[in-house]
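Work through these exercises with the structure open beside you. Try each task before you read its solution.

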Amino acid sequence: MDKRQMRRLNAELTVIGGLGYNLIELLWRGRTHWSMFFVGGACFQLIGQVGRRVRAPLAVRCMLCALGITAVELVSGCVLNLGLKLNVWDYSKMKYNIKGQVCLLYSVFWLVLSAAALPLYALCRRGLVRLHDR
């Protein structure tokens, strides 16, 4: 696969992740925000990189994904919520939160969600590669 094809593949996987995360938010909270498309896409790519590069038991890969997603959530929350005042989410009433942008409970949710997202990313990537090879 050449660089152009790889960029297209990564863009498609980012779109799948962004749409998938928007759907999860709609089901979980009943609403979402346009910015979560980009955050979800970035997290899906992070999950994919862990899945492709880390050779470790599933529990370890899920832990790495949860830590990475929590880091993305903290950075994006500081930019979107604290910096731009978009108020997309607020965990300030949750236990063990940092600046209201991340909390332990949602980090555990990301760990569990990663167990499903890791094989989903691999499946989507394989399917897209096959589609492009035709």
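**Exercise 1: A glutamine and its surroundings**

Glutamine 45 touches Asn10, Leu13, Thr14 and Tyr121, leaving out residues up to four places away in sequence. The model is a predicted one.

Task: Find the element that holds glutamine 45. Then decide whether glutamine 45 is buried or exposed.

Solution.
- Step 1. Locate the residue: glutamine 45 sits in helix α2.
- Step 2. Take its relative accessibility, which is 13%. Buried means under 20%. Glutamine 45 therefore counts as buried.
- Step 3. Look at the side chain. Glutamine 45 and threonine 14 are joined, side chain to side chain, by a polar contact of 3.1 Å.

**Exercise 2: Two packed helices**

Task: At what angle do α2 and α4 pack? Are they roughly parallel or roughly perpendicular?

Solution.
- Step 1. Read the geometry: the angle is about 90°, and the axes of α2 and α4 are 9 Å apart.
- Step 2. Apply the cut-off: 65 to 115 degrees counts as roughly perpendicular. α2 and α4 are therefore roughly perpendicular to each other.
- Step 3. List the residues that meet. α2 brings Phe44, Gln45, Ile47, Gly48, Gln49, Gly51 and Arg52. α4 brings Ala117, Leu118, Leu120, Tyr121 and Arg125.

**Exercise 3: From α2 to α3**

Task: Which residues does valine 50 contact, leaving aside neighbours within four places in sequence?

Solution.
- Step 1. Place valine 50: helix α2.
- Step 2. Check its exposure. The relative accessibility is 12%, so valine 50 counts as buried.
- Step 3. Name the contacts: Arg61, Leu64 and Cys65.
- Step 4. Add a distance. Valine 50 and cysteine 62 are twelve residues apart along the chain, and their C-alpha atoms are 8.7 Å apart.

**Exercise 4: The helix with a kink**

Task: Compare the reach of α3 with its expected span. Then find where α3 is kinked.

Solution.
- Step 1. α3 covers residues 58-83, which makes 26 residues.
- Step 2. From first C-alpha to last, α3 reaches 35 Å. That is close to the expected 38 Å.
- Step 3. The kink is about 35° and is centred on glycine 77.
- Step 4. Turn to burial. The buried residues of α3 include Cys62, Cys65, Ile69, Gly77 and Leu80. Among the elements covering the buried residues of α3 are α2, β2 and α4.

**Exercise 5: The loop after α3**

Task: What is the sign of phi at lysine 85, and at asparagine 87?

Solution.
- Step 1. Place both residues. Lysine 85 lies in the loop between α3 and β1. Asparagine 87 is found in the loop between α3 and β1 too.
- Step 2. Read the angles. Phi is positive at lysine 85, about 60°. Phi is also positive at asparagine 87, near 55°.
- Step 3. Recall the general pattern. Most residues other than glycine have a negative phi.
- Step 4. Check exposure. Lysine 85 has 58% relative accessibility, so it counts as exposed. Asparagine 87, at 60%, counts as exposed.

**Exercise 6: A serine in the loop**

Task: Which side chain makes a polar contact with the side chain of serine 92?

Solution.
- Step 1. Serine 92 lies in the loop between α3 and β1.
- Step 2. Its relative accessibility is 41%, so serine 92 counts as partly exposed.
- Step 3. The partner is the side chain of aspartate 90, at 2.7 Å.
- Step 4. Beyond neighbours within four places in sequence, serine 92 contacts Asn97 and Gly100.

Technical notes. Residues are numbered from 1 along each chain as its sequence is written. This is a predicted model: local features need pLDDT of at least 70, side-chain atom pairs count only at pLDDT 80 or more; totals for chains, interfaces and linings use all residues. Side-chain values use heavy atoms; hydrogens and water are left out. Helices (H or I, at least four residues) and strands (E, at least two) are DSSP runs, numbered from the N terminus. The expected span of a helix is 1.5 Å times one less than its number of residues. The bend at a residue is the angle between axes fitted to the seven residues ending there and the seven starting there. Buried means under 20% relative accessible area, exposed over 50%, partly exposed in between (1.4 Å probe, protein chains only). Contact means heavy atoms within 4.5 Å. A polar contact is a pair of N or O atoms within 3.5 Å; within protein, one must be able to donate a hydrogen and the other to accept it, and residues adjacent in sequence count only if both atoms are side-chain atoms. Axes are lines fitted to C-alpha atoms, for helices over the stretch in contact, and angles run from 0 to 180 degrees between N-to-C directions. Angles under 35 degrees count as roughly parallel, over 145 as roughly antiparallel, 65 to 115 as roughly perpendicular and the rest as oblique.
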